[in-house]
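Thanks for sharing this one. Here are some notes to read alongside the coordinates.

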Amino acid sequence: MNEIMMEISIYLIIAIMLGYIFGWLITKATSRDKIIKIENNKLEILTQKVDELNSSNRDLHSENNKTILENREQKLKLHQLETKLKEQELLIKEKNDTIDRLNGKIQQQKGDLQQKLKEYELEIEAFVDERRKILEKFKTLGD
């Protein structure tokens, strides 16, 4: 009976060990699956984040390109306006030069006119004096 007990004990010990080993293997396999699932989930989350960041990056690139294009257009418009402004400044300068030249001519003509007026006044005075002298001579001759 001791032998039967011993055999039963050995079978029980073997069964416990087998149960322990199979339990450990099953736990290891399920743990590995859980870890793989967790890692896959983390990888999916990271992949989604990378995709979102790539999409955001593409959007930012396209927005940046639009901004650069708008900036270039504004620079071109600004350059055109600066060119027009320079042309207008040249026209104004030319007109101011013309005005100055005409003012100079007017001043010269005023001076010439005043000189002629003085000459005419002197001629008129000389004529009037000559007339007076002639009238006085005729008056003295007639008396």
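The points below go from the overall fold to single residues.

1. A word on the source to begin with: this is a predicted model. Please keep that in mind for each value in this note, as every one of them is computed from a predicted model.

2. The secondary structure is quickly told. The protein chain has one helix and zero strands. That helix is α1, covering residues 2–142.

3. How does the radius of gyration of the protein chain stand against that of a compact globule of 143 residues? The chain comes out at 60 Å, whereas such a globule would have a value near 15 Å. The box around the C-alpha atoms tells a matching story, with sides of roughly 205 × 20 × 10 Å along the principal axes.

4. Some C-alpha pairs make the dimensions easy to follow on screen. E7 and E52, 45 residues apart in sequence, are separated by 66 Å in space. For A29 and L90 the sequence separation is 61 residues and the spatial one 89 Å. Between K137 and M6 there are 188 Å in space, with 131 residues of separation in sequence.

5. Three of the residues just named also deserve a look at their surroundings. E7 is found in helix α1, and its relative accessible area of 44% makes E7 partly exposed. A29 belongs to helix α1 as well; at 37% relative accessibility, A29 is partly exposed too. K137 also has its place in helix α1, but K137 counts as exposed because its relative accessible area is 56%, and the cut-off for exposed is over 50%.

6. What share of the 143 residues is buried? The answer is 0%, where buried means under 20% relative accessible area. The accessible surface of the protein chain amounts to about 14200 Å², and carbon and sulfur atoms account for 61% of that surface.

7. On charges, the protein chain carries 25 positive and 26 negative ones. Their mean positions lie 2 Å apart.

8. Side chains of opposite charge can pair when their charged atoms come close. How many salt bridges does the count give? It comes to one salt bridge, and the partners are D129 and R132. Their closest N and O atoms are 3.7 Å apart, so the pair falls within the 4 Å cut-off.

9. That pair is worth a closer look in the viewer. D129 and R132 both sit in helix α1, three residues apart, which is about one turn of the helix. Is each partner buried, exposed or partly exposed? D129 is partly exposed, at 39% relative accessible area. R132 is partly exposed as well, with a relative accessibility of 48%.

Notes. Residues numbered from 1 in each chain as written. Predicted model: local features only at pLDDT ≥ 70, side-chain atom pairs only at ≥ 80, totals over all residues. Heavy atoms only, no water. Salt bridge = Lys/Arg side-chain N within 4 Å of Asp/Glu carboxyl O. Helix = DSSP H or I, 4+ residues; strand = E, 2+ residues; numbered from the N terminus. Buried < 20%, exposed > 50% of the residue type's maximum accessible area, 1.4 Å probe, protein only. Rg over C-alpha atoms; globule rule 2.2 N^0.38 Å. Areas by Shrake-Rupley, 256 points an atom, 1.4 Å probe, with all protein chains shown as cover. Lys, Arg positive; Asp, Glu negative; His and termini not counted. Charge placed at Lys NZ, Arg CZ, Asp CG, Glu CD.
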